[in-house]
Amino acid sequence: MAQKRLSRIAIACQGGGSHTAFTAGVLKRLLQEQDKDFEIVALSGTSGGAICALLAWYGLLLNDLEQSIAGLNGFWRDISAYTLWDQYLNASLVSLSRFQSIVPVPEISPYTYPTWSQDYIKYILQKHIQFDRLNDYITDSSPIFLAGAVNVLTGELKTFDSRNREIGVQAILASAAIPTLFRAVHTESGIFWDGLLSQNPPIRDLPDAKPDELWLIQVDPPQRQDEPKTTEDIRDRRNELTANLSLNQELYFIRKINQLLKDNMLQNSPYIHIEIRPTISLLRNLDYSSKLDRSPFFIRDLMSYGEAEAEKFLRDRAQHPVPV
């Protein structure tokens with residue numbers, strides 16, 4: 001009896017600072033089901049979403065899912081504020097961000113202080129990933145990895161693509177270079193900020209992996225129940241809408257292709273129908289400033305929440321399978 005073909009899955013991870021610890025939890029649970037009835041053929045992300053997707057992709061590249069899970073756990077453990085000094089800095093930064101919504105506070109350019117934070121993120125990434133060996137591991141059958149950024153000078157979107165051997169530590173730092181916190185990152189391709197305003201996350205190139213399904217991990221809520229009226233709530237909602245604007249544009253591309261295929265307008269094209277699964281969403285009422293929060297309890301709680309939501313997603317998917 002012929003073995004059932006595994007569903008081909010592409011996963012896109014939205015960026016959002018510390019909120020993407022939720023994404024890490026989701027990916028950990030999904031990876032535990034890899035090769036049971038689906039295989040992950042592509043991962044994409046922006047900013048914190050790119051970091052989580054990268055750590056998951058690295059284990060897939062090595063055919064070592066334990067490596068993926070250990071990397072996700074390790075990165076978020078290392079980035080959390082455990083020392084007394086780091087806890088003080090973390091609490092001060094979050095409090096200052098919230099205070100800015102009440103009283104105007106002069107903003108400070110990231111070019112006026114040392115690059116310690118960026119350097120530390122770089123150190124942690126290199127601790128968990130052998131970037132100098134990545135290209136040796138990539139083959140034609142490897143899962144695709146994409147990281148979104150934007151060229152500061154030209155305004156053009158940039159998708160760092162594993163197929164082009166573009167995934168290095170500088171590419172990931174570029175995707176995570178929040179302009180108000182970090183300096184722009186220089187690579188061979190240009191000078192970049194994170195892709196939160198351009199591709200959050202990159203989706204339009206995922207069809208190249210011929211996935212049967214697209215799974216989206218979203219950390220900025222698409223809807224709110226109440227009208228935002230306070231300065232903090234208005235800032236939160238503005239940032240949510242900005243993040244989801246690029247996401248909706250990316251999803252429109254997939255939906256448009258699906259419709260053209262249904263209408264028989266893309267005969268003999270390389271495109272196939274891609275089922276867009278219900279989004280795995282962070283639905284807690286968290287403010288914008290909490291995206292800066294690295295307190296260990298907050299990080300662990302978001303990861304546990306992500307694992308629980310992924311479990312719900314998997315149960316729902318099992319009840320509503322897509323024929324392959």
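The paragraphs below walk through a helix, two cysteines, a set of paired strands and the internal cavities of this predicted model.

A good place to begin is helix α2, which covers residues 48-61. With 14 residues at 1.5 Å a residue, α2 should span 20 Å, and the C-alpha atoms at its two ends are indeed 20 Å apart, so expectation and model agree. The surroundings of α2 are just as easy to describe: 14 of its 14 residues are buried, and the helix is therefore largely enclosed by the rest of the structure. Just after α2 comes N63, whose phi is positive, at about 55°. When looking at such a helix on screen, it helps to remember that an α-helix has 3.6 residues a turn, so residues three or four places apart point the same way.

The cysteines come next. Searching the whole structure for disulfides gives a count of zero. C13 takes part in no disulfide, and the cysteine sulfur nearest to its own, belonging to C52, lies 6.8 Å away. A disulfide would need the two sulfur atoms within 2.5 Å. Seen from the other side, C52 is likewise in no disulfide, with the sulfur of C13 as its nearest cysteine sulfur at 6.8 Å. C13 has a relative accessibility of 0%, so it counts as buried. C52 also counts as buried, because its relative accessibility is 0%.

The strands can be followed one pairing at a time. Strand β3 (residues 144-151) runs antiparallel to β4, and five bridges connect the pair. One point of contact is L146, which has D161 of β4 as its bridge partner. Between β3 and β4 lie five residues, and together the two strands make a hairpin. Within the turn of this hairpin, G155 has a positive phi of about 75°. Strand β4 itself covers residues 157-161; four of these five residues are buried, so β4 is largely enclosed by the rest of the structure.

Strand β3 has a further partner in β6 (residues 190-194), again in the antiparallel sense, this time over three bridges. Here V150 stands opposite W193 of β6. Strand β6 in turn pairs with β5 (residues 185-187), antiparallel and over three bridges. In this pairing, T187 has G190 of β6 as its bridge partner. A hairpin of two residues leads from β5 into β6. For a reader tracing side chains here, a useful rule is that in a regular strand they alternate between the two faces of the sheet.

Finally, the interior contains some empty space. Three cavities of 30 Å³ or more are found in the structure. The largest cavity has a volume of about 80 Å³. Its lining includes H19, D220, D236, E240, R284, D287 and K291, along with V219, P221, L282, L286 and Y288. By class, the lining of the largest cavity comprises six charged, five nonpolar and one polar residues.

The second largest cavity has a volume of about 40 Å³. Among the residues that line it are P110, Y113, P114, L181 and F182, as well as T115, S117, Q118 and R183. The lining of this second largest cavity divides into five nonpolar, three polar and one charged residues.

Key: Residues numbered from 1 in each chain as written. Predicted model: local features only at pLDDT ≥ 70, side-chain atom pairs only at ≥ 80, totals over all residues. Heavy atoms only, no water. Helix = DSSP H or I, 4+ residues; strand = E, 2+ residues; numbered from the N terminus. Expected span 1.5 Å × (residues − 1). Buried < 20%, exposed > 50% of the residue type's maximum accessible area, 1.4 Å probe, protein only. 1 Å grid on protein atoms, 1.4 Å probe; cavity = no way out; pocket = protein on both sides within 12 Å on 5 of 7 lines; lining within 4 Å. Points joined across faces, edges and corners; volume = space filled by probe spheres on them. Nonpolar A, V, L, I, M, F, W, Y, C, P; charged D, E, K, R; others polar. Pairing = 2+ DSSP bridges.
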